[in-house]
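I opened the notebook today to look up rings and where they sit. Here is the structure I worked from.

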Amino acid sequence: MHRTFAAGVCAAVLVVTAGAGSAFAATGATAAGTGNPPWVDQATKNGPLAADAKIRLTVVLNGHDDAGAEAAALAVSSPSSRSYGSFLTTAAYTRQYAATDAEVTAVTGWLTGAGFSVDSVPENHLWVRVSGTAAAAQKAFGTTLDSYTWNGRTLQAPAGSVTIPAAVKPLVAGLAGLSSSVRTNQPLSEPGDAGDLAKDRVTPSGPAPRRNIAPPVTPGAPPAPAFVNAPPCSRYWAEKIATGLPPVNGRAQPYAPCGYTPAQVRGAYGVANIGVRGAGVTVAITDAYNSPTIASDANTYARRRGDAPFAAGQFSEIKPAAYRNGYDDTENGDLCGERGWYGEETLDVEAVHGVAPAAKVLYVGAASCDDADLLDALNTVVSGHKADIVTNSWGSSGEPDPTDPTQAALGAAYKRLFIQAALTGIGMFFSSGDNGDENVHTGTRTADFPASSPWVTAVGGTSIGIGSRNDYVFEQAWGTGRSVLANGAWDPAYPGSYVYGGGGGVSRVYPQPWYQRGVVPPSVFEKFGVASGRVVPDVAALGDPGTGFLIGQTQTFPDGSAKYSEYRIGGTSLASPVMAGIEALADQASGRPHGFANPAIYELNRTRAVHDVAAAGQPLGVVRVDYVNSTDASGGLRTTFRSFQQLGSLQALPGYDDTTGVGSPNGFLWVYGLGQTSARAVPYAQSKAG
């Protein structure tokens with residue numbers, strides 16, 4: 001489930017300077033965009049798009065008093081402000097800051113007059129979503145559309161300048177879909193890349209790997225292909241030691257945990273018996289698609305772990321009417337890897353319920369993995385205020401390109417949506433990414449989006465040791481180096497070659513937010529070659545697949561059967577729902593939602609409420625055994641040593657750092673201390689200055 005990336009996308013993103021944040025402001029000048037996306041220069045032009053070709057368009061609307069909305073969101077989110085916690089209702093937000101009914105009517109009238117049909121207008125008037133044809137687009141925007149082929153995909157872009165009638169142009173923040181976007185999002189989870197022999201550079205002995213038998217075609221995607229843990233593995237940290245294998249730095253190393261359970265995670269983070277379990281709090285989860293067995297899997301998993309399953313009405317789902325770019329998409333093909341999202345959803349649901357077993361959980365599935373559809377899922381939660389906390393375990397390599405009209409439009413929508421969430425008391429959590437500083441994939445160090453938005457809480461990953469009594473043994477920044485057991489030795493030698501690690505770094509799009517001023521060390525900016533910027537992550541929790549989480553999921557096995565089984569998984573996809581569960585405990589402890597948590601989180605920097613994750617004196621790593629064919633020993637076994645090493649530029653330091661943020665939560669002190677104004681808090685008036 002390791003991410004794949006669209007070639008050519010990131011190069012355009014990475015040249016954007018930190019001062020370019022204004023490109024994502026909701027301004028009509030940026031929105032209408034007369035230029036074409038950067039991919040056009042790399043694509044093959046096929047000619048004009050057929051007049052009857054189908055078009056799906058999201059017209060992002062301008063709001064009112066964007067600066068005022070941002071200032072108000074800052075005030076309600078800052079514990080040192082008199083307005084802290086004085087959140088708006090959705091209706092009040094819409095009246096004060098959103099496009100008016102008359103403005104929506106004007107935009108929809110223009111679009112329907114050109115031949116489009118209105119598909120939806122959300123309650124907060126963030127956009128108008130329409131469908132129609134290329135002929136309707138030409139009538140509305142004064143240009144034909146051309147067809148292109150790029151990287152095996154058929155795309156479209158305007159043939160000429162895009163025009164918008166003067167009467168409605170001030171109302172339009174951006175157009176998403178008139179030109180295709182090649183940016184997609186992926187689940188940020190790692191089951192362990194078993195069977196990826198190219199990465200390990202070794203051919204196993206024994207029978208050839210057995211190929212999975214394709215399941216019969218059915219409406220909707222069947223359960224994902226199976227992954228099974230291979231023995232030996234440890235029930236808790238260092239239960240089993242690989243004494244018969246080559247030592248590392250003169251010492252035999254522990255076998256990897258089989259996957260920590262909810263009870264172990266609750267114990268390690270000190271939230272097992274603190275008087276709150278998330279009652280009265282709703283946590284929403286957004287991903288793409290929907291696992292057909294999620295409810296039964298989550299309940300079976302809870303029972304097997306000794307926890308209570310969901311009570312009646314405690315778990316609910318919101319699904320789109322249809323999916324795109326998935327398993328059954330005959331038009332576009334399975335561009336998003338629909339079944340790969342099933343494990344992500346399973347991990348998110350079971351982790352939130354495991355950490356906050358009394359909280360309500362709402363799953364909102366997007367119609368695809370592109371930004372427009374995932375934004376729709378997010379906005380379903382925010383515009384209807386359906387949850388107090390939202391955890392999102394997905395993202396893309398690097399950040400959106402403000403010079404791409406569609407990405408700029410959706411960037412403006414993301415920003416407005418996140419500010420509304422803050423103003424209305426909804427906490428937004430995002431995984432920080434699974435590829436460190438992204439240099440290994442893009443050639444340039446950068447943060448990932450949406451985690452890099454200043455209005456979300458970016459959650460990084462750690463490696464953690466949990467003892468036989470569910471006790472906190474150690475924790476350090478997640479970065480994995482891999483060495484393969486070949487000819488009686490580890491190759492390459494310790495610390496091995498970089499595989500993956502918790503995402504972090506400096507945004508190339510967003511400026512430094514007020515809550516990071518005076519906290520982020522200057523050395524972070526120096527190594528990224530920038531003067532300033534939004535730094536990721538804000539906080540961290542268990543993410544390393546080498547010390548990962550055990551989940552239960554119905555999977556498709558090689559014989560075509562589908563059955564429930566359990567396996568270890570990790571990634572910052574795990575860290576985000578763990579943090580969201582702990583946030584639910586803090587909300588219950590406070591008797592109210594914390595909303596956008598970053599200002600409160602940064603007040604806890606260098607206090608006992610956080611584990612200040614550091615690297616000195618920690619274990620070297622774990623020995624891990626995998627089935628080559630992912631399910632059984634018939635294809636042979638593969639043994640690797642997974643080192644705990646930050647092999648990229650990211651480095652754990654005392655206090656704040658660019659791989660674990662302020663650190664990980666420390667139980668009672670975090671849950672009951674979050675948002676309590678301290679003498680160390682930056683005064684609200686000072687936070688507005690500069």
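My entries on aromatic side chains follow.

**Entry 1, ring pairs.** I am working with a predicted model. I searched the whole structure and got 26 aromatic pairs. I looked up Phe 449 and Tyr 510, which form a stacked pair with 6.1 Å centre to centre and 15° between the planes. I then checked where the two sit: Phe 449 is in the loop between helix 13 and strand 15, while Tyr 510 is in the loop between strand 20 and helix 14, 61 residues apart. Are these rings buried or exposed? Phe 449 counts as buried because its relative accessibility is 1%, under the 20% cut-off. Tyr 510, at 6%, counts as buried too.

**Entry 2, another pair.** I turned to Tyr 515 and Phe 596, whose planes meet at 65° with centres 5.9 Å apart, so I noted the pair as edge-to-face. Tyr 515 lies in the loop between strand 20 and helix 14, and Phe 596 in the loop between helix 15 and helix 16, so the pair ties together parts 81 residues apart in sequence. Both Tyr 515 and Phe 596 are buried.

**Entry 3, a cluster.** I followed the ring pairs and found that they link Trp 394, Tyr 414, Phe 418, Phe 430, Phe 449 and Tyr 510 into a cluster.

**Entry 4, a charge over a ring.** I found the charged end of Lys 563 over the ring of Phe 557, 4.7 Å from the ring centre.

**Entry 5, the surface.** I looked up a nonpolar surface patch of about 260 Å², made by Phe 668, Leu 669 and Tyr 672. Phe 668 belongs to helix 17, residues 667–673. With a relative accessible area of 47%, Phe 668 is partly exposed.

Definitions and conventions
Residues numbered from 1 in each chain as written. Predicted model: local features only at pLDDT ≥ 70, side-chain atom pairs only at ≥ 80, totals over all residues. Heavy atoms only, no water. Patch = residues over 30% accessible without salt bridge, like charges linked within 9 Å, V, L, I, M, F, W, Y side chains within 5 Å. Areas by Shrake-Rupley, 256 points an atom, 1.4 Å probe, with all protein chains shown as cover. Salt bridge = Lys/Arg side-chain N within 4 Å of Asp/Glu carboxyl O. Helix = DSSP H or I, 4+ residues; strand = E, 2+ residues; numbered from the N terminus. Buried < 20%, exposed > 50% of the residue type's maximum accessible area, 1.4 Å probe, protein only. Phe/Tyr/Trp six-rings, centres within 6.5 Å; stacked < 30°, edge-to-face > 60°. Lys NZ or Arg CZ within 6 Å of the ring centre and 35° of its normal.
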